[in-house]
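Biologist: Could you take me through one part of this model up close? I'd like to hear about a single strand and whatever it takes part in.

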Amino acid sequence: LVAPPPPSPLSALITPCNIAHTPLSPSSVDVAVYSLALMSTDTFSLLSECRRVLRLGGVCYVAEVRSRLNGDASGAEMARLPRFLEMMSVLGFECVERDARKG
């Protein structure tokens with residue numbers, strides 16, 4: 001039996017939680033980063049929580065694999081990107097830059 005490693009100083013800054021219902025106060029975050037986090041079936045709840053915790057003027061970055069938003073080679077979930085951008089707009093976000101490069 002091996003003892004777990006001691007907690008790192010960074011672990012005090014990390015709070016495991018459901019990102020649709022975080023313990024963060026409203027308007028308490030300057031930047032939100034969603035990296036491969038939109039695999040949820042309830043993306044609207046995740047983004048609504050992002051809107052709740054972002055300060056006025058805050059920024060939300062989304063890094064997702066292209067197939068997740070554009071569908072895969074079989075055509076499954078084709079054209080999810082327009083729906084995703086519309087959802088973001090409904091929540092008050094504006095897409096200011098989109099990088100669709102491969103890789």
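Modeller: Here's a walk along strand 1, with its surroundings filled in as we go.

Keep in mind that this is a predicted model. The chain has three helices and two strands, and from the N terminus the order is β-α-β-α-α. Strand 1 covers 29–35 and helix 1 covers 43–53, while strand 2 spans 54–63. Of the 103 residues in the chain, 24% are buried.

Let's begin with Asp30. Its partner in a salt bridge is Arg55, and their closest N and O atoms sit 3.0 Å apart. That pair ties together distant parts of the chain, since Asp30 belongs to strand 1 and Arg55 to strand 2, 25 residues apart. Neither end is hidden away: Asp30 is partly exposed at 46% relative accessible area, and Arg55 is partly exposed too, at 36%.

Next comes Val31, also in strand 1. Together with Val33, Val59 and Tyr61, Val31 makes up a nonpolar patch on the surface, and the four share about 370 Å² of accessible area. Strand 1 and strand 2 each put at least two residues into this patch, so the two strands linked by the Asp30–Arg55 salt bridge turn up again here. Why can Val31 count towards a patch? Patch residues need over 30% relative accessible area, and Val31 has 46%, which makes it partly exposed.

Strand 1 also has a hand in the second largest pocket, which has a volume of about 370 Å³. There are 15 lining residues, and the closest to the pocket centre are Thr15, Cys17, Ile19, Thr22 and Leu24. Strand 1 still gives the most to that lining, with five residues, and helix 1 is another element that supplies at least two. By character, the lining splits into twelve nonpolar residues, two polar and one charged.

Since helix 1 has come up, a quick look there as well. A search of the whole structure finds two salt bridges, and one of them joins Arg52 to Glu49, with the closest N and O atoms 2.7 Å apart. Both residues lie in helix 1, three residues apart, or about one turn of the helix. The two ends differ in cover: Arg52 is partly exposed at 30% relative accessibility, whereas Glu49, at 7%, counts as buried because that is under the 20% cut-off.

To pull it together, strand 1 holds Asp30, which pairs with Arg55 in strand 2, shares a nonpolar patch with strand 2, and gives the most to the lining of the second largest pocket.

Notes:
Residues numbered from 1 in each chain as written. Predicted model: local features only at pLDDT ≥ 70, side-chain atom pairs only at ≥ 80, totals over all residues. Heavy atoms only, no water. 1 Å grid on protein atoms, 1.4 Å probe; cavity = no way out; pocket = protein on both sides within 12 Å on 5 of 7 lines; lining within 4 Å. Points joined across faces, edges and corners; volume = space filled by probe spheres on them. Helix = DSSP H or I, 4+ residues; strand = E, 2+ residues; numbered from the N terminus. Nonpolar A, V, L, I, M, F, W, Y, C, P; charged D, E, K, R; others polar. Patch = residues over 30% accessible without salt bridge, like charges linked within 9 Å, V, L, I, M, F, W, Y side chains within 5 Å. Areas by Shrake-Rupley, 256 points an atom, 1.4 Å probe, with all protein chains shown as cover. Salt bridge = Lys/Arg side-chain N within 4 Å of Asp/Glu carboxyl O. Buried < 20%, exposed > 50% of the residue type's maximum accessible area, 1.4 Å probe, protein only.
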